[in-house]
Amino acid sequence: MRTRPFHLLSALAGLALLLLLILAPSAGAGITGIPDAATALKQGPVYVDPGAADQLSTADADALAQKIEDADKPLFIAVLPATSEYPPENLLRNLRTQTGVTGLYAVRLGDGFDAAADRSVMSADAVNNLVTSVRQPGVDANTELNNFVDQALPTLSGSAPASWGTVGADDGVPVGGLITLGALVAAGGAGAYAIVRRNRLRKESEEREALDKLRVVVDEDITAFGEELERLDFHPAEAGADDAMRGDYERALDSYDKAKSLMGSATHPHDVKGVTQQLEDGRFSLAVLAARRESRPLPERRSPCFFDPRHGPSTADRTWTPAGGAAREVPVCAADAARLDDGQEPLARTVDTYDGRRPYWEAGPAYGPWAGGYFGGGMLPGLLVGTMLGSMLATPAYASEYGGGEFEGGDVSGAEFSSGDFGSSDYGGGGGFGDFGGGGDFGGGGF
């Protein structure tokens with residue numbers, strides 16, 4: 001029936017108009033309160049409460065929102081009146097909780113200003129420094145907010161949330177929010193779907209590419225461990241085998257099976273961290289088994305060889321200096337320790353890069369989860385400081401983007417975030433934000 005698409009389009013348009021009539025604020029009834037501010041910030045990066053309309057004009061709010069949207073960063077701006085609807089204490093924390101999206105939040109409350117962020121997108125010190133640098137007495141909201149945004153965007157991690165459609169703020173709702181939604185629905189919904197999915201699809205594409213790189217490396221590691229098991233030539237019923245040896249052998253086999261299973265079900269780069277953790281556990285079990293069979297003292301639990309985890313658990317620490325970097329102590333296997341003592345280069349684990357095979361620490365951040373599973377996310381940045389991979393892992397976004405499994409900037413996390421990042425402050429200065437010193441306690445710390 002050729003008329004059905006037209007009737008469906010008309011129905012959608014009618015539904016959109018009905019939603020506008022129900023949801024849009026009337027001229028005399030502005031949207032106010034933290035819940036409404038949070039709802040607006042889910043739709044666009046800038047929210048101006050009707051009671052603070054004299055602080056930031058619609059045109060200025062539009063321009064500010066467009067700047068954030070163009071940068072594709074999870075930065076949220078709220079301009080609010082200093083009224084009882086916005087109690088200063090825990091304001092940023094409450095706004096973050098009800099918005100439910102990981103990011104950097106900045107609020108102009110009356111004449112005061114402050115900001116806080118999830119540590120996965122920006123460190124506490126960075127937030128405090130930014131607030132201090134832009135907050136000056138008598139500066140108008142437009143200048144202050146633009147100065148803050150201009151300085152924050154280059155260092156802010158993560159991407160804009162997929163829920164953002166068009167941007168801006170007008171009468172307490174994002175410009176183009178409900179109205180543009182209705183227009184897009186009337187146009188058949190394709191434009192709305194494309195806007196909402198754009199950021200998510202890009203992120204998924206980047207993750208697939210990173211996972212494909214990791215899969216090659218991890219499959220090589222799993223194969224190498226399987227070959228070690230075959231060369232072991234241990235039989236649980238052999239002469240001299242005891243329960244302790246059999247337990248070591250079973251743990252090694254379990255690690256091998258779990259590593260294969262985890263890699264087979266991996267859908268995100270950070271899933272690889274669990275795979276290499278299993279391989280590290282398995283190799284340590286083999287080292288213990290070998291010591292038992294040879295009647296040697298059992299080895300202490302140490303990190304694997306830094307230069308190539310396939311070498312097995314490290315036996316010592318040696319000083320190593322990467323090209324262009326500073327010297328540091330790294331855990332090494334006996335063979336690499338001997339090479340370094342003799343002035344030779346260690347046998348480094350190499351991976352494919354655009355410049356050919358290179359040591360993994362000279363590759364991109366995609367290899368963070370692989371290395372993090374072997375060495376643990378806490379110690380790895382210190383081992384790799386001054387290297388290409390180390391520069392990535394030292395950023396606040398390391399845990400979220402490369403294996404920590406935490407929420408990335410722009411991800412919906414609801415109330416699941418560290419409240420210390422958005423801690424309460426003692427708001428002074430006559431009812432505004434202005435008198436609590438360099439960002440106060442927001443963001444979890446000072447210098």
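Contact here means heavy atoms within 4.5 Å. By that criterion, 65% of the contacts in the protein chain between residues at least 6 apart in sequence join residues at least 24 apart. The structure is a predicted model. Its protein chain comprises 447 residues, and 46% of them count as buried. Secondary structure amounts to 15 helices and eight strands.

The largest nonpolar core contains 48 residues. Val46, Leu75, Ile77, Leu95, Leu104, Met122 and Phe148 have the most contacts inside it. Strand S2, residues 75–80, gives the most to this core, with six residues. A second core, of 42 residues, lies apart from it. Val272, Val332, Trp361 and Leu384 are among the members of that other core. Within the largest core, Leu95 illustrates the packing. Leaving aside neighbours within four places in sequence, Leu95 is in contact with Ile34, Ala37, Ala38 and Leu41, as well as with Ala78, Tyr105 and Val107.

Helix H10 spans residues 272–293. Its 22 residues reach 32 Å from the first C-alpha to the last. That length is close to the 32 Å expected at 1.5 Å a residue. Val272, the residue at which H10 begins, belongs to the core of 42 residues.

Two polar residues of H10 were examined in turn. Gln278 is found in this helix. Its relative accessible area is 17%, so Gln278 is buried, the cut-off being under 20%. Beyond its neighbours within four places in sequence, Gln278 is in contact with Ser255, Lys258, Ala259 and Leu262. Helix H9 covers residues 243–265, and the partners of Gln278 therefore fall within the range of H9.

Glu280 also has its place in H10. Glu280 counts as buried because its relative accessibility is 12%, again under the 20% limit. Residues up to four places away in sequence not counted, Glu280 touches Arg301, Arg302, Pro304 and Tyr374. One of these partners is also joined to it by a polar contact: the side chains of Glu280 and Arg301 are linked at 2.8 Å. Phe225 is 55 residues from Glu280 in sequence. In space, the C-alpha atoms of Glu280 and Phe225 are 9.7 Å apart.

Backbone geometry stands out at two loop positions. Most residues other than glycine have a negative phi. Ser295, which follows H10, has a positive phi, near 55°. Ser295 is not a glycine. It lies in the loop between H10 and strand S5, residues 316–320. With a relative accessible area of 67%, Ser295 is exposed, the threshold being over 50%. Asp233 likewise has a positive phi of about 55° although it is not a glycine. Asp233 is placed in the loop between H8 and H9.

The second largest pocket holds about 590 Å³ of space. Its lining counts 30 residues. Thr353, Arg358, Pro359, Glu362 and Ala363 lie nearest the centre of this pocket. Three elements each supply at least two lining residues: helix H8 (190–232), strand S7 (350–353) and strand S8 (356–359). H8 provides the largest share of the lining, four residues.

How values were computed:
Residues are numbered from 1 along each chain as its sequence is written. This is a predicted model: local features need pLDDT of at least 70, side-chain atom pairs count only at pLDDT 80 or more; totals for chains, interfaces and linings use all residues. Side-chain values use heavy atoms; hydrogens and water are left out. The expected span of a helix is 1.5 Å times one less than its number of residues. A nonpolar core is a set of buried Ala, Val, Leu, Ile, Met, Phe, Trp, Tyr and Cys residues joined through side-chain atoms within 4.5 Å. Buried means under 20% relative accessible area, exposed over 50%, partly exposed in between (1.4 Å probe, protein chains only). A polar contact is a pair of N or O atoms within 3.5 Å; within protein, one must be able to donate a hydrogen and the other to accept it, and residues adjacent in sequence count only if both atoms are side-chain atoms. On a 1 Å grid over the protein atoms alone, a cavity is a set of points where a 1.4 Å probe fits but cannot get out, and a pocket is an open set with protein on both sides within 12 Å along at least five of seven lines; lining residues have an atom within 4 Å of a point. Grid points are joined across faces, edges and corners, and a volume is the space filled by probe spheres set on the points.
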